Amino acid sequence: MELNFLKSLGQPTVMNNLAGSSLPVRSLCSANTSYNFETLKLSSPAEFVVHVELNRPDRLNAFNKRMWIELGECFSRLHDDPDCRAIVLSGGGAKHFTAGIDLLDMMKLGAELGEIDDIGRKARLFEGLIKLYQDSISSLERCYKPVVAAVHAACVGAGVDLITAADIRYCSRDAWFQVKEVDIGMAADVGTLQRLPKVIGSQSLARELCFTARKFKSDEAAACGLISKVFESRDDLIRGAVELATELAGKSPVAVQGTKKNMVYSLDHTNQEGLDQIREMNMANLQSEDFINAVMASQSKGEKPVFAKL
Ligand SMILES: CCC/C=C/C=C/C(=O)SCCNC(=O)CCNC(=O)[C@H](O)C(C)(C)COP(=O)(O)OP(=O)(O)OC[C@H]1O[C@@H](n2cnc3c(N)ncnc32)[C@H](O)[C@@H]1OP(=O)(O)O
């Protein structure tokens, strides 16, 4: 392949940047000790990979207000963290991925609402809360780093909202899913109704699942495209998700993050708008050293390119 046009861009050559270069490497945990959350646990199982665990196992990882807030904060910080290139999201503890919204927390909210007489003021409180919860879920989508959701056992209500905002979904054989909102008397309002039909590509099935709130198991989730891989056990699931995230973290962050940005954008734009956006983006990104290094590494034998942090 003719690479002179790349050299003419005046970028560094692959030799400077192949594996074994002296680019400094920081692990997320040692470099950034400020990821301290009450409801989430973060670790770094591999270089540039962050494992986020929902961490309320004694409440089946149900979403209380604190968890909604911390989730949004966590993903918005990972978006900006150059030591993070790919994320695994799982439920901590052996029992379930998540039991959905914390119903005790909702009852507390009911008591708070009881103190307010006026419907207009009650409505304003709800508006703020729903927006907060919507933004929390959308933070996965807004984060440029790919998110691999790893689901075991129950994934109920808000759990489905959460995983449909992830990029890739894996699960263990024992996983089951339920868009439970209708059965607690509400229309789902933090993402499932928007994202699930697009994820599974069937309005008919999505509406059936949302209207009936029926449970569906891992085999059906895989058959309809909600899940792209099923593992026999939870340990295998986490291993598989970390392996995938590690593979993604080894690739050019300019390329991977640009790909996510454009695929998310293209979900609710026309093909032409998507093409316009990627053209604008690649006007800059094709001048990145990542492009040159990746192309040259693909021509060399077995050498893995090393990419600078982003
Ligand atoms: C503005 C709002 C936006 C967001 C909306 C989101 C909506 C939703 O998420 S709708 C779905 C709400 N969740 C549920 O309805 C799930 C209720 N729980 C269950 O169905 C079962 O607990 C489950 C199948 C998840 C697990 O069953 P398992 O037999 O394994 O456990 P249990 O013995 O039932 O539960 C153990 C203890 O956990 C408590 N618990 C379960 N779910 C919740 C929850 N969602 N919130 C708070 N606490 C929960 C359960 O009461 C047991 O407590 P204890 O008796 O004190 O041990």
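A residue is taken as buried if 20 or more other C-beta atoms lie within 10 Å of its own, as exposed if 12 or fewer do, and as partly exposed in between. The structure described here is a predicted model. By the burial criterion, 38% of the 310 residues in the chain are buried.

The secondary structure of the chain consists of 13 helices and nine strands. Among the contacts between residues at least 6 apart in sequence, 74% join residues at least 24 apart.

Two residues other than glycine have a backbone conformation of note. F48 has a positive phi, near 70°, and is placed in the loop that runs between β1 (40-46) and β2 (49-54). The count of C-beta neighbours inside 10 Å is 24 for F48, and this residue is therefore buried, the threshold being 20. A positive phi, of about 60°, is also found at A213, which is not a glycine. The loop holding A213 connects α8 (203-212) with β8. Because A213 has 16 C-beta neighbours inside 10 Å, a count between the limits of 12 and 20, A213 is classed as partly exposed.

The strand β8, which follows the loop of A213, takes part in an open sheet. Strands of a sheet pair through backbone hydrogen bonds, in either a parallel or an antiparallel sense. In this sheet three strands are arranged in the order β5-β7-β8, with mixed pairing. The edge positions are held by β5 and β8 (216-217), each of which pairs on one side only. Strand β7 (residues 176-178) pairs with β8 in the antiparallel sense, over two bridges. Within this pairing, W176 has K217 of β8 as its bridge partner.

The surroundings of the ligand were examined next. The ligand is surrounded by 23 residues, of which A62, A99, G100, I101 and G157 come nearest. Two or more residues of this shell are given by each of α4 (103-114), α5 (119-142) and β5 (154-156). The greatest contribution is that of α5, with three residues. In composition, the shell comprises 14 nonpolar, three polar and six charged residues. Strand β5 thus appears in two settings: β5 is an edge strand of the open sheet, and β5 is also among the elements that give two or more residues to the shell around the ligand.

Key
Residues numbered from 1 in each chain as written. Predicted model: local features only at pLDDT ≥ 70, side-chain atom pairs only at ≥ 80, totals over all residues. Near = placed C-beta within 6 Å. Helix = DSSP H or I, 4+ residues; strand = E, 2+ residues; numbered from the N terminus. Nonpolar A, V, L, I, M, F, W, Y, C, P; charged D, E, K, R; others polar. Contact = placed C-beta atoms within 7 Å. Pairing = 2+ DSSP bridges.
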